Amino acid sequence: MSNDSITLSEKHGLNPSLTSCPICGKETGGIALMGRLKNDAEAPKHCVTSLFDLCDDCKARLDKEVLIYEMDRENNEPTGRYIFVPKDALKVEVPKGIALMDINEFKQMFEDETD
Ligand SMILES: [Zn+2]
């Protein structure tokens with residue numbers, strides 16, 4: 001299979017899934033065409049295609065805040081934890097207002113060390 005084609009599912013055709021916001025789960029207005037998945041499975045009704053594809057409400061928060069995702073660098077996966085930080089609390093400019101941070105740095109910076 002080449003990367004510029006979608007292999008159709010015999011059972012589910014293009015096998016569409018509605019794209020969702022990785023933060024709140026609200027639909028973002030996109031449709032992902034999954035085609036044939038492993039074991040010819042049906043695509044989930046909703047999916048997150050990108051950590052940067054936020055819904056309008058969450059995007060609006062980026063006017064004043066920066067979104068930081070905790071990442072597990074070993075398998076290059078988000079851990080599911082994130083935090084919004086006021087822009088003026090950071091010394092650096094964050095392109096698009098979204099940053100990825102290694103687990104250890106994230107813990108060091110945002111976890112309470114009193115327990
Ligand atoms: Zn959202």
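**Exercise 1. The overall form**

What percentage of the 115 residues of the protein count as buried? Describe also the overall dimensions of this predicted model.

*Solution.* Step one is the burial count: of the 115 residues of the protein, 10% count as buried. In step two we turn to the radius of gyration, which is 17 Å for the protein, whereas a compact globule of 115 residues would have a value near 13 Å. Step three looks at the outline, and here the C-alpha atoms fill a box of roughly 55 × 30 × 30 Å along the principal axes. Step four brings in the domain assignment, which gives domain 1 as residues 1-51 and domain 2 as residues 62-110. The centres of domain 1 and domain 2, taken over C-alpha atoms, are separated by 26 Å.

**Exercise 2. The order of the elements**

State how many helices and strands the protein has, and find the pattern that they follow along the sequence.

*Solution.* We begin by counting, and the secondary structure comes to two helices and six strands. Reading along the sequence, we then obtain the pattern β-β-β-α-β-β-β-α. As a last step we consider the contacts between residues at least 6 apart in sequence, of which 56% join residues at least 24 apart.

**Exercise 3. The sheet of strands 1, 2 and 3**

Work out the order of the strands in the sheet that contains strand 1, and explain why strand 2 and strand 3 count as edges.

*Solution.* First, the sheet is open and consists of three strands in the order 2-1-3, with mixed pairing. Strand 2 and strand 3 (46-47) each have a single partner strand, so one side of each is left without a neighbour in the sheet. Next, we follow the pairing of strand 1 (residues 16-20) with strand 2 (residues 27-33), which run antiparallel and are joined by four bridges. Within this pair, Pro16 stands opposite Leu33, and Leu18 stands opposite Ile31. Finally, we look at the connection: strand 1 and strand 2 form a hairpin with six residues between them, and Gly25 in the turn has a positive phi of about 85 degrees.

**Exercise 4. The sheet of strands 4, 5 and 6**

Describe the sheet that has the order 5-4-6, naming its edge strands, the sense of each pairing and the helix that lies across the strands.

*Solution.* The starting point is that three strands form an open sheet in the order 5-4-6, and that the pairing is mixed. Its edge strands are strand 5 (77-86) and strand 6 (98-102), each of which pairs on one side only. Neighbouring strands of this sheet are turned against each other by 30 degrees on average, direction ignored.

We can now take the two pairings in turn. Strand 4 (residues 65-72) pairs with strand 6 in the parallel sense over five bridges, and in strand 6 the bridge partner of Tyr69 is Leu100. With strand 5, by contrast, strand 4 pairs in the antiparallel sense over seven bridges, and here Val66 has Val85 as its bridge partner in strand 5. The last step adds helix 2 (residues 103-110), which lies across strand 4, strand 5 and strand 6 and runs at about 100 degrees to strand 6.

**Exercise 5. Two asparagines with positive phi**

Is Asn15 buried or exposed, and is Asn76 buried or exposed?

*Solution.* We first locate the residues: Asn15 is in the segment before strand 1, while Asn76 is in the loop between strand 4 and strand 5. Phi of Asn15 is near 55 degrees, a positive value in a residue other than glycine, and for Asn76 phi is likewise near 55 degrees. To decide on burial, we count neighbours: Asn15 has 21 other C-beta atoms within 10 Å, and because the cut-off for a buried residue is 20 or more, Asn15 is buried. Asn76 has 8 other C-beta atoms within 10 Å, and because 12 or fewer means exposed, Asn76 is exposed. To complete the picture, Asn76 is in the turn of the hairpin that strand 4 and strand 5 form with four residues between them.

**Exercise 6. The surroundings of Val85**

Explain why Val85 is classed as partly exposed, and list the residues that it touches.

*Solution.* Val85 is found in strand 5. With 15 other C-beta atoms within 10 Å, Val85 falls between the cut-offs of 12 and 20, and is therefore partly exposed. Leaving aside residues up to four places away in sequence, Val85 touches Glu65, Val66, Ile68 and Leu90. As a final step we consider Phe106, which is 21 residues from Val85 along the chain, with 12 Å separating the C-alpha atoms of the two residues.

How values were computed. Residues numbered from 1 in each chain as written. Predicted model: local features only at pLDDT ≥ 70, side-chain atom pairs only at ≥ 80, totals over all residues. Domains from an automatic or database assignment. Pairing = 2+ DSSP bridges. Axes fitted to C-alpha atoms, helices over the stretch in contact; angles between N-to-C directions. Contact = placed C-beta atoms within 7 Å. Rg over C-alpha atoms; globule rule 2.2 N^0.38 Å.
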